[in-house]
Amino acid sequence: MTDHYFSATPTGPEHRRRLEFEVWGRTIGLQSANGVFAAEHLDRGTDALLRESVPPTGSPDVLDLGCGYGPVALAVALACPGARVDAVDVNERALALCRDNAAELGVADRVRSLLPEQVEPDRTYDEIWSNPPIRIGKEALHALLLTWLPRLRPTGSARLVVSKNLGADTLQRWLVEQGFGCERAASSKGFRVLLVTPRAG
């Protein structure tokens with residue numbers, strides 16, 4: 001059976017490898033492995049999300065939804081020393097990598113690697129960052145977003161990166177139909193970065 005990056009427990013050999021990428025003026029080295037999303041290199045969507053965004057400031061509570069081995073969560077934690085980041089994924093191998101990467105980078109005290117069910121039911125966030133798993137299908141994606149976007153605090157915002165060819169503009173319209181604010185913050189190499197704000201009221 002073929003493992004997918006959204007498998008809870010990949011069964012193939014791990015084969016860890018080291019990747020490096022540049023973000024916000026810093027070179028970050030992370031461990032990746034088979035059975036996780038974009039195991040060979042930083043994927044183009046995540047690259048666009050980071051390149052077209054500025055890091056948080058202050059002491060925000062941040063969610064990286066679908067964190068993989070941690071490129072977004074750890075870039076945010078490194079760039080914003082006051083940030084507390086929940087790195088959430090269904091893939092246990094990805095979470096183990098993210099946890100090890102956070103320890104290696106010295107931010108393990110501010111980055112929690114968690115399965116969705118491990119997040120406190122009343123936990124809310126100032127910012128949500130996500131390269132959402134579009135390929136799980138529209139129904140599952142909508143359910144995922146309707147679970148997590150309501151956790152934004154009233155003044156919070158979410159940044160989602162979605163390929164234009166995989167329905168970024170359709171997703172933007174759907175989010176507005178659900179009552180969220182949603183505007184296109186950037187376009188880069190076939191990707192849209194959508195800025196989502198909480199539902200009114």
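Q: What makes the crossing of α4 and α5 right-handed or left-handed in this predicted model?
A: The sense of turn decides it: a crossing is right-handed if the near helix is turned clockwise from the far one by less than a right angle. α4 passes α5 in just that right-handed way.

Q: Why are α4 and α5 called oblique to each other?
A: Helix α4 (residues 138–148) and helix α5 (residues 168–177) pack at about 45°, with axes 12 Å apart. Angles under 35 degrees would be roughly parallel, and the roughly perpendicular range is 65 to 115. The value of about 45° fits neither, so the pair counts as oblique.

Q: How do you know which residues make the contact between α4 and α5?
A: The test is heavy atoms within 4.5 Å. Leu 141, His 142, Leu 145 and Leu 146 of α4 meet Leu 171, Trp 174 and Leu 175 of α5. By class, that gives six nonpolar residues, one polar and no charged ones. His 142 is in the contact, and His is not listed as nonpolar or charged, so it counts as polar.

Q: What makes β5 and β8 edge strands of the sheet?
A: Seven strands form an open, mixed sheet, ordered β5-β4-β3-β6-β7-β9-β8. β5 (111–114) and β8 (181–188) each have a single partner strand, so one side of each lacks a neighbour in the sheet.

Q: How do you know that β6 and β7 pair?
A: Pairing takes at least two bridges. Strand β6 (residues 125–130) and strand β7 (residues 152–163) have five, in the parallel sense, so they qualify. Tyr 125, for instance, has Leu 152 in β7 as its bridge partner.

Definitions and conventions:
Residues are numbered from 1 along each chain as its sequence is written. This is a predicted model: local features need pLDDT of at least 70, side-chain atom pairs count only at pLDDT 80 or more; totals for chains, interfaces and linings use all residues. Side-chain values use heavy atoms; hydrogens and water are left out. Axes are lines fitted to C-alpha atoms, for helices over the stretch in contact, and angles run from 0 to 180 degrees between N-to-C directions. Helices (H or I, at least four residues) and strands (E, at least two) are DSSP runs, numbered from the N terminus. Angles under 35 degrees count as roughly parallel, over 145 as roughly antiparallel, 65 to 115 as roughly perpendicular and the rest as oblique.
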